[in-house]
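Biologist: Hi! Could you walk me through this one, step by step?

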Amino acid sequence: MDKQVFEALSAETLPHRLGGNSALGEKIGEDASHWTVKEIGDGNLNLVFIVTGSKGTAVVKQALPYVRLVGESWPLPLKRSFFEYHALVRQAARAPGMVPEIFFFDETQALIVMEYLTPHVILRRALIDGRELPNIGCDLGLFAARTLFRGSDLSMATRDKKADLALFADNVELCDITENLVFSDPYFEADLNRHTAPQLDPIMMELRSDRDLKVEAQRLKHLFSAKAETLCHGDLHTGSVMVTDAETRVIDPEFAFYGPISFDVGMLLANFWMSYFSQSGQESTTGARDGMRAYLLETIETIWETFRSEFAQLWRTERMGILYQARVFEDRNDPLGAEQALNIVIDDIWREMLGFAGIEIHRRILGLAHNADFETIADPDRRAACESKALKLGRHLAVNRHRIHSLRDIRATAERLQKETLA
């Protein structure tokens with residue numbers, strides 16, 4: 001394999017091209033003639049292969065020089081695999097055991113060889129199937145708190161944080177995707193938008209003409225682009241999490257960037273709220289998924305409460321960066337001052353998180369990249385009924401985020417919307 005020229009892999013060419021790779025051979029067996037290769041890449045951007053040999057199995061993920069969902073008409077740089085690799089390395093250090101182990105990285109070929117997670121399944125698929133996984137709320141809350149706190153100026157040495165900020169600042173093209181597809185495109189007639197038509201036409205037009213909503217969307221876009229607080233996963237949703245009943249792993253951080261602490265949390269919770277509204281489109285009889293709906297709302301609460309609790313614990317034990325320095329408070333016998341500052345920081349994260357969640361719901365229903373939660377509902381009328389309720393909650397979260405004080409309030413709103421019929 002010419003290591004200086006990029007060439008996309010295929011199931012047929014992979015054994016020949018990677019047969020001499022010692023890191024892969026050590027994990028799965030060195031005789032590439034006995035490898036079996038299965039392509040499983042069904043995402044929007046990349047090639048993904050499961051490779052099995054005499055000793056075991058690994059995953060090979062390769063970036064393509066374009067957006068796979070659209071095709072070669074939308075070019076995309078291969079360097080995104082560089083950012084994914086570096087994000088996984090940092091996440092592994094900051095939240096041990098929560099991401100797949102990396103065996104090998106080839107920057108020129110834009111490929112990562114990593115641990116094969118089995119019998120894990122994609123969390124989104126599990127939720128569509130109605131599985132109530134016992135650990136995901138706590139696991140995801142801990143992952144978010146640990147990675148976001150430890151990647152910020154609250155924890156890192158300022159020289160290290162600024163060097164890391166400079167490194168990830170080059171992930172320009174993937175940030176551009178988020179800046180446009182998430183914060184802008186859903187609110188005007190963008191070429192790549194799509195929605196369940198004609199059922200959602202009225203609410204789509206209503207949201208596009210909603211001045212308060214569009215102003216909030218742009219305020220949140222401003223936060224996304226300007227508030228470089230921490231290293232964010234950048235695409236943290238239920239399709240970026242693999243689970244068993246006992247274990248949770250986070251994957252696919254190629255959108256990693258330095259942004260608001262609140263961003264990952266908001267994107268994640270948005271996907272649980274969408275799963276909540278999608279359940280009525282998945283159930284065989286009315287009310288059959290009532291237990292699943294309650295479970296999802298409880299999981300949202302667990303994620304946030306775990307995040308808040310762990311963030312506070314890290315604040316009290318690992319606050320070694322340049323922000324809210326201990327010597328300003330604790331060393332001067334003012335522990336209550338540090339707690340007051342913590343409450344202000346958490347309150348800012350809360351309000352921003354709600355806004356990001358609301359915008360994420362809108363883009364997943366009105367923009368380019370949709371969620372399987374809704375897309376797997378075959379009947380367009382049933383699908384639109386679910387999506388309409390989610391869109392209304394999204395608007396409420398984004399516009400009213402400064403006046404929403406608890407998840408209990410949001411739960412009541414979600415349960416009320418769930419009882420509505422499509423207008």
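Modeller: Sure, and keep in mind that this is a predicted model. One term before we start: an axis is a line fitted to C-alpha atoms, for helices over the stretch in contact, and angles between N-to-C directions run from 0 to 180 degrees.

Biologist: Great. At what angle do helix α3 and helix α6 pack, and is that roughly parallel or roughly antiparallel?

Modeller: Helix α3 covers residues 80-94 and helix α6 covers residues 158-168, and their axes sit 11 Å apart. The packing angle is about 150 degrees. Angles over 145 count as roughly antiparallel, so α3 and α6 are roughly antiparallel.

Biologist: Which residues of α6 meet α3?

Modeller: From the α3 side come Phe 82, Phe 83, His 86, Ala 87, Arg 90 and Arg 94. By class, the contact of α3 with α6 has five nonpolar, one polar and three charged residues. On the α6 side, the residues are Asp 164, Leu 167 and Phe 168.

Biologist: Now the sheet. Which strands stand at the edges of β8-β10-β11, and why?

Modeller: This is an open sheet of three strands with antiparallel pairing, in the order β8-β10-β11. Two of the strands each have a single partner, so one side of each is left without a neighbour in the sheet. Those edge strands are β8 (121-122) and β11 (248-250).

Biologist: What is the bridge partner of Val 121 in β10?

Modeller: β8 pairs with β10 (residues 241-243) in the antiparallel sense, over two bridges. For Val 121, the partner in β10 is Val 243.

Biologist: Which helix lies across β10 and β11?

Modeller: Look at residues 136-150, which run at about 35 degrees to β11. That helix is α5.

Biologist: Is Val 241 buried or exposed?

Modeller: Val 241 lies in strand β10. Beyond its neighbours within four places in sequence, its contacts include Val 121, Leu 140 and Ile 251. The relative accessible area of Val 241 is 0%, and under 20% counts as buried. So Val 241 is buried.

Biologist: Last one: which backbone nitrogen does the side chain of Glu 283 reach?

Modeller: Glu 283 lies in the loop between α10 (261-282) and α11 (290-318), and with a relative accessible area of 7% this residue is buried. Not counting residues up to four places away in sequence, Glu 283 touches several residues, among them Arg 289, Arg 293 and Arg 382. At 3.4 Å, its side chain reaches the backbone nitrogen of Gly 287.

Conventions
Residues numbered from 1 in each chain as written. Predicted model: local features only at pLDDT ≥ 70, side-chain atom pairs only at ≥ 80, totals over all residues. Heavy atoms only, no water. Pairing = 2+ DSSP bridges. Helix = DSSP H or I, 4+ residues; strand = E, 2+ residues; numbered from the N terminus. Contact = heavy atoms within 4.5 Å. Parallel < 35°, antiparallel > 145°, perpendicular 65-115°, else oblique. Nonpolar A, V, L, I, M, F, W, Y, C, P; charged D, E, K, R; others polar. Buried < 20%, exposed > 50% of the residue type's maximum accessible area, 1.4 Å probe, protein only. Polar contact = N/O pair within 3.5 Å; in protein donor to acceptor, adjacent residues only side chain to side chain.
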